[in-house]
Amino acid sequence: MKRLILLNGPNLNMLGKREPETYGRKTLKDVVRLVKDTAWEKGYEVEDYQSNHEGDLVDRIQMAEDNAAGILFNPAAYTHTSIALRDAISSINIPVIEVHISNVHQRETFRHHSMLAPVCAGQIVGFGIDGYRLATLGMIEKIENEGRK
Ligand code: CA2
């Protein structure tokens with residue numbers, strides 16, 4: 001069975017527990033369930049990982065190339081700062097889709113710029129946690145279409 005990696009960055013372990021006005025009431029466990037169910041229906045399994053540490057996320061991106069067809073990634077605050085994550089994404093040859101729960105473009109200006117978007121295959125922003133489901137479907141379409149080329 002083909003595999004996707006679901007990666008979530010710093011503070012997303014707090015999802016559903018604080019700031020519900022910005023991030024909603026669903027928890028990270030709900031996100032993982034949503035992605036796994038969506039992928040499973042299309043014949044994909046999902047390995048999930050959350051970390052508050054940049055280097056851990058770099059490690060997971062490097063490891064993914066050998067055992068997954070793509071990465072669904074909410075890099076959280078590292079989106080706006082991390083050259084290390086950008087370099088890790090650039091160095092692998094599987095697609096990465098960047099996901100943001102909130103509409104970062106309606107928020108503080110420092111959230112408008114992504115260091116990672118130029119090296120990602122796509123970006124989904126502002127659909128709440130449903131963005132993860134949309135990213136999963138988009139990723140699978142991308143993988144299957146590229147396989148047919
Ligand atoms: O909208 C998103 O998904 C973000 O990636 C979330 C990040 C933020 O730094 C990005 O600009 C946009 C923050 C994640 C923090 O998540 C929390 C969730 C609940 C309570 C506290 C933090």
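Asn 74 sits in strand S3, which covers residues 70-74. The model you are looking at is predicted, and this briefing follows two of its residues, Asn 74 and Ile 101, which UniProt lists under "binding site" in an unreviewed entry.

**The listed site**
- Along with Asn 74 and Ile 101, the UniProt record names His 80, Asp 87, Ser 102 and Arg 111.
- These residues are spread over 38 residues of sequence, and in space they are up to 24.6 Å apart between C-alpha atoms.
- Among them, Asn 74, His 80, Ile 101, Ser 102 and Arg 111 are included in the lining of the largest pocket.

**Asn 74 and its surroundings**
- With a relative accessible area of 3%, Asn 74 counts as buried because that value is under 20%.
- Setting aside neighbours within four places in sequence, Asn 74 is in contact with Leu 7, Asn 8, Gly 9 and Leu 12, as well as Val 99, His 100, Ile 101 and Tyr 132.
- The Asn 74 side chain also reaches the backbone nitrogen of Ala 76, at 2.9 Å.

**Ile 101 and its surroundings**
- You will find Ile 101 in the loop that runs between strand S4 (96-100) and strand S5 (122-125).
- Ile 101 is buried too, with a relative accessible area of 6%.
- Neighbours within four places in sequence aside, Ile 101 is in contact with Leu 12, Leu 15, Tyr 23 and Asn 74, and with Gly 126, Phe 127, Gly 128, Ile 129 and Tyr 132.

**Where the two meet**
- Asn 74 and Ile 101 are in contact with each other.
- Leu 12 and Tyr 132 are in contact with both Asn 74 and Ile 101.

Note on methods: Residues numbered from 1 in each chain as written. Predicted model: local features only at pLDDT ≥ 70, side-chain atom pairs only at ≥ 80, totals over all residues. Heavy atoms only, no water. UniProt positions renumbered as here; feature names shortened; annotations may be inferred. 1 Å grid on protein atoms, 1.4 Å probe; cavity = no way out; pocket = protein on both sides within 12 Å on 5 of 7 lines; lining within 4 Å. Helix = DSSP H or I, 4+ residues; strand = E, 2+ residues; numbered from the N terminus. Buried < 20%, exposed > 50% of the residue type's maximum accessible area, 1.4 Å probe, protein only. Contact = heavy atoms within 4.5 Å. Polar contact = N/O pair within 3.5 Å; in protein donor to acceptor, adjacent residues only side chain to side chain.
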